[in-house]
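Visitor: Please pick one part of this model and look at it closely, then work outward from there to the rest of the chain. I would like to know what it touches and how its surroundings are put together.

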Amino acid sequence: MAIAERDATGRAGAAGASGADRRAGRKGRGTRLKRLRRDAALLVLMAPGVLYFLVFHYGALAGNVIAFKDYVPFDGLWASAWVGFGNFQTMFGDPDFWHALVNTVVIALLQLVFFFPVPIALALLLHSLTRDSVRRFVQSVAYLPHFLSWVIVVAIFQQVLGETGLLNNVLGDAHLHTVNIIGNPTAFKPLVIAQVIWKDCGWGTIIFLAALTQVEEQQYEAAAIDGAGPWRRFWHVTLPAVRPIIILMLIMRLGDILSVGFEQMLLQRSSVGPDAAEIIDTFVYYKGLVGGDYGYAAAAGLFKGVVGAALVFAANKIAHRLGEQGVYQ
C-alpha cells in the first residue's frame, strides 16, 4: 500500500514537473515572440549590414581555396589544378615577398609606436579644455582630414613637400638648398607616419573621448581634496577609465597590423620605388591583378589574414591574463 502511494505520488510529481516544464517552455517562446515584435524595426534596419558581411566577408572566404590551386579564370574555380601548398612554398622562397613583409612590419611597428598614442594624447588634451567652444573648434579641425580620400591627402603632401612644391618654392626664392621629400626613399617611412597622423588622429580620439566623458567630475574633486596632484589624478582616475578601451583598440590594431594602407602606398610607390613602398597589399595587387598569378597572390593574402588572426588571439589572451575583458571572453 505504501509502495503504491509512493508510486502515485512520484507519478503526480513527475506529471506536475513536466507540466511546469511545458508552461515554462510556452512562456519562454512567448517572451521571445514579444522581443521579436518589439525589436522588429531594429532587426530590419540591421538586416542589410548583416547581409553585407555574410556575402562580401564570410561568403567570400570560400574564395581562399584558390591559394591552394593553380587558378586560371578561364578554367573556373573548381576546374583549376590543385597544387596544395605549392603557392606557399613559392611565396616563402621569393625574396620579393620577404622584402614586402619586412617593409610592412617596419611601417606597422612605426605606426604602432608613433601613431597609436597620438589619439589618446589628443583626447586627454581635449578633455582637459574647460571651454566647450574651444574644444568643439579643435575637434572639428582635427576630424576634418579623416573625410578626405588618400588621393587628396597624397596630392596635398605632394603640393607642399614635392620637388616643385610649396616648400621648395620658398627655399628657392630664399636661394637655399631645395629638398624633394616626396621622392626620397629614405624619408618615405617617416612621411607615411606623418600622413597617417595628420589624416586619422582626430578621428581616433572619438572613442577615447567617449570613455573620458564617463568619468564623473566628483572623482577629480575628491582626488584633489585628498591631495592628489595632476599626475596622480591622471594615474588613478583618468587612466583606469580609458585603459580597457586602450587595450581593446590595441588588440584590434594588432589584428590589422599587416594592413598599413594600400591606397596610401600605391599612390606613392612610383615616386620612391618598390624598395621603399612595397608592402604585402601592393605585392598581392601586382602579383594577382596585374601579373595574373591569382593563386600566388591569394596565398600571400591568406598568410596575412592568418597572422592577423593569430595576433588577435594572442593579444586577447594576454589581456585576460592582465584582468581586462579584451575583444571577447
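**A close look at Ile257**

Guide: Once its neighbours within four places in sequence are left aside, Ile257 is in contact with Ala108 and Leu311, and this should be read as a feature of a predicted model. Ile257 is found in the loop that runs between helix 11 (230-255) and helix 12. Its relative accessibility is 10%, and because buried means under 20% relative accessible area, Ile257 counts as buried even though its place is in a loop. A further relation ties this position to a remote part of the sequence: Ile257 and Gln111 are separated by 146 residues along the chain, yet their C-alpha atoms are 9.0 Å apart in space.

The loop that holds Ile257 ends at helix 12, which spans residues 262-272 and has its axis within 9 Å of that of helix 14 (residues 280-290), the two crossing at roughly 65°. That angle makes helix 12 roughly perpendicular to helix 14, and the crossing of the pair is right-handed. On the side of helix 12 the residues involved are Phe262, Met265, Leu266 and Arg269, and these meet Asp281, Thr282, Tyr285 and Tyr286 in helix 14. Sorted by class, this contact of helix 12 with helix 14 has 5 nonpolar, 1 polar and 2 charged residues.

Phe303, in helix 15 (residues 294-321), offers another case of remote parts of the sequence brought together. Leaving aside its neighbours within four places in sequence, Phe303 is in contact with Met91, Phe92, Phe97 and Leu101; of these, Met91 is 212 residues away along the chain, with a C-alpha to C-alpha separation of 9.9 Å. For the protein chain as a whole, residues 24 or more positions apart account for 63% of the contacts that have a separation of 6 or more.

Next come the helices from other parts of the sequence. Helix 5 (residues 117-128) packs with helix 6 at an angle of about 155°, their axes being 9 Å apart, which means that helix 5 is roughly antiparallel to helix 6; the crossing of this pair is left-handed. Leu122, Leu126 and His127 of helix 5 make the contact with Arg135, Val138, Gln139 and Ala142 of helix 6, and by class the residues concerned are 4 nonpolar, 2 polar and 1 charged.

Helix 6 (residues 132-143) also packs with helix 9, here at an angle of about 130° and with the axes 7 Å apart, and these two helices are therefore oblique to each other. The contact is made by Gln139, Ala142 and Tyr143 from helix 6, and by Gly202, Trp203, Thr205, Ile206 and Leu209 from helix 9; it has 5 nonpolar, 3 polar and no charged residues.

Helix 9 (residues 188-212) is also the place of Lys199, a residue with a relative accessible area of 7%, which is why it counts as buried. Leaving aside its neighbours within four places in sequence, Lys199 is in contact with Pro145, His146, Leu148, Ser149, Trp150 and Val153. In the loop between helix 8 (166-173) and helix 9 lies His175, which, by contrast with buried Lys199, is exposed, with a relative accessible area of 76%. Most residues other than glycine have a negative phi. The phi of His175, however, is near 60°, a positive value.

To set these parts in the wider frame, the protein chain has 15 helices and 2 strands, and buried residues make up 32% of its 329 residues. An unreviewed UniProt entry lists residues 40-60, 100-129, 141-161 and 241-262 under "transmembrane region". In the model, residues 40-60 are 90% helix and 0% strand, with their end C-alpha atoms 28 Å apart, whereas residues 141-161 are 71% helix and 0% strand, with their end C-alpha atoms 21 Å apart.

Key:
Residues numbered from 1 in each chain as written. Predicted model: local features only at pLDDT ≥ 70, side-chain atom pairs only at ≥ 80, totals over all residues. Heavy atoms only, no water. UniProt positions renumbered as here; feature names shortened; annotations may be inferred. Helix = DSSP H or I, 4+ residues; strand = E, 2+ residues; numbered from the N terminus. Axes fitted to C-alpha atoms, helices over the stretch in contact; angles between N-to-C directions. Parallel < 35°, antiparallel > 145°, perpendicular 65-115°, else oblique. Left-handed = near helix turned anticlockwise from the far one by under 90°. Contact = heavy atoms within 4.5 Å. Nonpolar A, V, L, I, M, F, W, Y, C, P; charged D, E, K, R; others polar. Buried < 20%, exposed > 50% of the residue type's maximum accessible area, 1.4 Å probe, protein only.
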